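Q: Hi, could you walk me through this structure? I'm new to it and would like to start simple.

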Amino acid sequence: MLMVQWLKPILVCEDVVKEYNGVRALDRVAFRVEEGEVVGLVGPNGAGKTTLLKVSLGILRRENGRVELLGRDPLRDPKAREKVGVVFERPNLPSAVPVHRILSYAASIKGASRDEVRRAIKLAGLEGHEWKPFTSLSAGLKQRAAIAHALVGSPSFIIADEPTSNLDPVERIRILNLIGELNRDHGITFLVSSHILPEVVRIASKIVIMNRGKVVKSGTPEEVLGGLTRARIRGSDVKTLAEVIREHGFDVEVQGFSVLVKIPGLSHQPVLLEALTNAGRRGVVIYSIDFVEASIEAELMKGG
Amino acid sequence: MSVKRPFVLVVLDSLDSMRPPGFDIMMLVIAALGAVMATIQPASQSYILARLVLEPTLFTVALYLGLRGASGLASLVRQQIIEVYMSYPISRLGVIISIILSRVVIPAVMLLALPILISGILLYPVVLKDPVAYLLVFSGYLTQALLYGIVFLLIAIISRSSGTASVLSITFYFAYNIIWLLIQSLSSSLGSWAQHMAIAMKFYRVTYFMALQHAGLQTTGLTLTEYLFVPSIIVIATVSLVLYFTRRFEPT
């Protein structure tokens, strides 16, 4: 017997239009986030990702279209945000207040218990730093505090706007792993924006590519990343080379004496160069770099 | 609308807006000022005592509300903390009312009540003669402080810059007081409307006359303009602030 399971829509955006002083920041954007998914919202700077996230939360008004967050319009009904956690691009919380107190008040606003604060601190890996004022934390800990803040109130959905920006590679991987764990082990649905595609690919079950306020392409990572830029790199120690590049968030395949690296776009080439510099520091000599094919840039151009 | 959630936001934002150092030092200075004023110029009537203590305090409170309260709101917008508040399950109306309370009303009440409390303790026999008149004068200064604070918040939310908000707030304060001074000094040649305006623009003068009436010393009544001028500005500024925040404000 064929079993059909309907996924519960967490976020529905239909024909969403947002303008700033006559300039369209979102142009008839439509996409859905279903329960249990990790949706990666990818696009270059200025694509409209942050605007879309804020419109989805009801923080920004829309000129047209429909937004339904957990079955309610967030613009009209603030209860839509009750079970939603948010990690903003700049992790800012009231600066002088100890993180634990901020989380306690956030819990109180969301109708959650103090136990949930302890749980959120533990889940976000903030233990030992929770009594420090937010302003005194390092960038990585601020991000963790922002994640703990989003986790308070047992959210079923977390919106994270560039959660790994301004973090070092090690901290980036930690945060991405944390998102993956929270989705897998706690069933939290995520909408994560980023301009670094390989990062999103690590965790996303669905990818939405935006450019100039429009959704250019969406689907599973395999569907979206069908024909990405690839670089074939030859080096003296292929194993170490592959390891270092992998550490920088790229998908790597070792093929004989070379490694094949998936690069989502031209904007990621600096990251790859950084990876190669680090490989050089570990004693790897790079013999050649050949770019194989490019199609995601073409996808983005179609959107414009 | 649930009242509990905005109330919790008031507490959270108050912890940030009244953070040390600044507010605590201000409280100490104002408490000392109240004690000094009550000691060096001992008054025989409660309404005179309240006026002596609160006259210099109001200027300090206005400066605080402009430099810390209003510019703090501009920082809240610039640092995108306002978006964190707006991501809570609280309506825009709830958020702005919480901010008005935490950035204006609570600091103004605390800063003005402290010297009144100190002088009241030091000269309690004077206060107990007529506590109603004492509180009437206090409410006048508080209302005047609320006028400045609400206008400062309106300036801050529109300008979105801490520096601009501070400069414009202080400019508004001095402009308002210079206009008042001009009207006051020219009231004999400008006619009775100027005399009424000179009282109306400073609500604590209205409540001072009310205190005198309460004590049976003032026989001439106050006009409607005198009663309503400052409260009307407060209502207009508050409604403008609420409408701007709920209908036009975009935290970009």
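A: Happy to; we can take the chains one at a time and then look at where they meet.

Q: Great. What kind of model is it?

A: It is a predicted model, so please read everything below with that in mind.

Q: Okay, chain A. How many helices and strands are there in it?

A: Chain A has 10 helices and 13 strands.

Q: And which domains is chain A divided into?

A: There is domain 1, covering 9-219, and domain 2, covering 225-300. Taken over C-alpha atoms, the centres of domain 1 and domain 2 of chain A are 29 Å apart.

Q: What box do the C-alpha atoms of chain A fill?

A: Roughly 60 × 55 × 45 Å, taken along the principal axes. The radius of gyration of chain A is 20 Å, which agrees with the value near 19 Å for a compact globule of 304 residues.

Q: Can you give me one residue to look at in there?

A: Try A:Asp115, which lies in helix 3 of chain A, residues 114-124. Its side chain is joined to that of A:Arg118 by a polar contact of 2.4 Å. For a sense of distance, A:Asp115 and A:Ile286 are 171 residues apart along the chain, and their C-alpha atoms are separated by 52 Å.

Q: Switching to chain B. What is its secondary structure?

A: Chain B comes to 12 helices and 0 strands. Reading from the N terminus, its elements run α-α-α-α-α-α-α-α-α-α-α-α.

Q: What does the C-alpha trace of chain B span?

A: About 55 × 40 × 35 Å along its principal axes. With 252 residues, a compact globule would have a radius of gyration near 18 Å, and the 19 Å of chain B agrees with that.

Q: Now the meeting point. How many residues of each chain are in contact?

A: 26 residues of chain A are in contact with 31 residues of chain B.

Q: And what area is buried between them?

A: About 2,700 Å² is buried between chain A and chain B, and carbon and sulfur atoms give 60% of that. On the chain A side, A:Ile59, A:Arg61 and A:Ile109 supply 26% of the area that chain A buries against chain B, more than any other three residues.

Q: Nice. How many salt bridges are there between chain A and chain B?

A: The count is 4. One of them pairs the side chains of A:Glu82 and B:Arg5, at 2.7 Å from N to O. Another salt bridge joins B:Glu250 and A:Arg61, at 3.6 Å from N to O. In that pair, B:Glu250 sits in the segment after helix 12 (224-248) of chain B, while A:Arg61 is in the loop between helix 1 (49-57) and strand 4 (64-69) of chain A.

Q: Why would side chains like those pair up?

A: Side chains of opposite charge can pair when their charged atoms come close.

Q: And what is the salt bridge count over all chains?

A: Over all chains, the count comes to 26 salt bridges.

Q: Back to the interface: how many residue pairs are in polar contact there?

A: There are 17 such pairs between chain A and chain B. Strand 1 (9-20) and helix 2 (99-109) of chain A each supply at least two residues of the side that touches chain B. The largest share of that side, 6 residues, comes from helix 2 of chain A.

Q: Last one: how do the residues on that side of chain A divide?

A: The side of chain A that touches chain B has 14 nonpolar, 4 polar and 8 charged residues.

Technical notes. Residues are numbered from 1 along each chain as its sequence is written. Chains are lettered from A and ligands numbered from 1 in the order in which they are written. This is a predicted model: local features need pLDDT of at least 70, side-chain atom pairs count only at pLDDT 80 or more; totals for chains, interfaces and linings use all residues. Side-chain values use heavy atoms; hydrogens and water are left out. Contact means heavy atoms within 4.5 Å. Buried area is the accessible area (1.4 Å probe) that two parts lose on being put together, summed over both. A polar contact is a pair of N or O atoms within 3.5 Å; within protein, one must be able to donate a hydrogen and the other to accept it, and residues adjacent in sequence count only if both atoms are side-chain atoms. Helices (H or I, at least four residues) and strands (E, at least two) are DSSP runs, numbered from the N terminus. Ala, Val, Leu, Ile, Met, Phe, Trp, Tyr, Cys and Pro count as nonpolar, Asp, Glu, Lys and Arg as charged, and the others, Gly among them, as polar. Domain bounds come from an automatic or database domain assignment. The radius of gyration is taken over C-alpha atoms; the globule rule is 2.2 Å times the number of residues to the power 0.38.
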